[in-house]
Amino acid sequence: MSDIESKNRENDSCSSSRRYSCVYASWHARYFKRFITTTVRTTGLSDYTGKHVSSWYETFAFKGLSVLQKAGGLHKFMNWKRALLTDSGGFQMVSLLELAEITEEGVKFKSPYNGSDCMMTPEHSIQIQNIIGADIVMQLDDVVKTTLTGPRVEEAMHRTIRWLDRCIKAHQRPNEQNVFPIVQGGLNPELRSECANQLIKREVNGYAVGGLSGGESKDEFWRMVHLSANILPKGKPRYLMGVGFAVDIVVCCALGIDMFDCVFPTRTARFGCALVRTGQLNLKQVRYRKDTRPIDESCDCSTCKAYTRAYLHHIVTAETVACHLLSLHNVAFQMKLMRDIRRSIKDQRFPEFVQQFMLDVYPDKNYPSWIINSLEAVNITLK
């Protein structure tokens, strides 16, 4: 039995009588790549987070596989003793599409650093991720722009399934690392359903929902998440890629999602914004110049314990350390949100948690229609 299967079984008893699973309800900290791991541990964030997220593309481009091989894998290289998840690089292929050519063999692209030709196949992607040594490794998928329609979406969906089989066949460490397939199909319900139904025929320990949060409407977004989660097994982790807004996380947990990753917490920190339950505080604004309160009086992160809004306002446009301080708080905020969700699920009061959370965010009860509709789909009615 793999580690992830053991964790699934240990946590299965805390799923409620509805559909709310807390199998792997943890935040995936892609944004930790800008922190050293000692910073994470000494600030207490390691009490909250279960995972780092890395990308084979970034590792391959910047560090080189020989360095990781010599170090004994990424866990040892970065001195991180908890779980790691590596992305396959499919998303980077979309962002570099003008440099890439996608064929059945794989993705041919020019390096953005020196212009050399590179070829990434499903086999090579898994080989790289085997060397990196992450606990969860993502298949190489054929990613298209979320809002794209037409035959290219269907082509990408079927190719993603074929590439999954090649990834599984090439996987050399099945007892140590878990390959997660990725549901694709754009905004087409039939294609997404077909993809998910094909993926669950494979022997894997978890699944991802990809190709969303890329410009589609919120109404389209939640319906594709709901459809995908309904097909994927409830006894295995379901990972929604690239989603990080607090409201989206709460809604998607209600729809059956367990795992998330996003750069949003640290990206917004770089713009001087701190996350709080009611939204964001833009600490660049002059209103915080004399505000001696912490960002969040209920937050126990190192930033809130040591610094005031006034101080952060003073340095946010002048000192790079402000980005780090706000990033630490924002990551802690996401960790606490997921911890609160897990606790409410275990206590069988998740619907009440959702109702109160939305009331905190929308005290005038002017809830967006997509939130109302998505939650009603899983029998949660907002007060």
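pLDDT is the predictor's confidence in each residue, from 0 to 100. This is a predicted model, and the protein averages a pLDDT of 85, with 81% of the residues scoring at least 70. The points below cover confidence, the packing of helix α17, and the salt bridges, of which the count is 18.

**Confidence**

- Residues 1-34 have a pLDDT under 50 throughout.
- The model nevertheless has 112 contacts beyond four places in sequence for residues 1-34.
- Where pLDDT is low, the predicted coordinates should not be read in detail.

**Helix α17**

- Helix α17 spans residues 369-376, and its buried residues are W370, I371, S374 and L375.
- These four lie on the same side of α17, because they cover an arc of only 120° around the axis.
- An α-helix has 3.6 residues a turn, so residues three or four places apart point the same way.
- The partners of the buried residues of α17 are α10 (218-231), α11 (246-254) and α16 (350-361), against which they pack.

**Salt bridge D142–R159 and its network**

- D142 and R159 form a salt bridge through their side chains, at 3.0 Å from N to O.
- This pair links distant parts of the chain, 17 residues apart: D142 is in the loop between β7 (136-138) and α8 (151-170), while R159 is in helix α8.
- D142 counts as buried because its relative accessibility is 1%, under the 20% cut-off.
- R159 also counts as buried, with a relative accessibility of 7%.
- Both residues belong to a network of salt bridges that links E104, D142, R152, E155, R159 and R162.

**Salt bridge R277–D340**

- The side chains of R277 and D340 meet in a salt bridge with an N to O distance of 3.2 Å.
- R277 sits in the loop between β13 (273-276) and β14 (279-282) and D340 in helix α15 (residues 321-346), so the salt bridge ties together parts that are 63 residues apart in sequence.
- R277 is partly exposed, at 24% relative accessibility, whereas D340 is buried, with a relative accessible area of 12%.
- The two residues therefore fall on either side of the 20% limit for burial.

**Salt bridge D347–R349**

- A salt bridge also joins the side chains of D347 and R349, at 3.6 Å from N to O.
- D347 is partly exposed, its relative accessible area being 44%.
- R349 is partly exposed as well, with a relative accessible area of 35%.

Definitions and conventions:
Residues are numbered from 1 along each chain as its sequence is written. This is a predicted model: local features need pLDDT of at least 70, side-chain atom pairs count only at pLDDT 80 or more; totals for chains, interfaces and linings use all residues. Side-chain values use heavy atoms; hydrogens and water are left out. Contact means heavy atoms within 4.5 Å. Buried means under 20% relative accessible area, exposed over 50%, partly exposed in between (1.4 Å probe, protein chains only). Helices (H or I, at least four residues) and strands (E, at least two) are DSSP runs, numbered from the N terminus. The arc is that of the directions from the helix axis to the C-beta atoms. A salt bridge is a side-chain nitrogen of Lys or Arg within 4 Å of a carboxyl oxygen of Asp or Glu.
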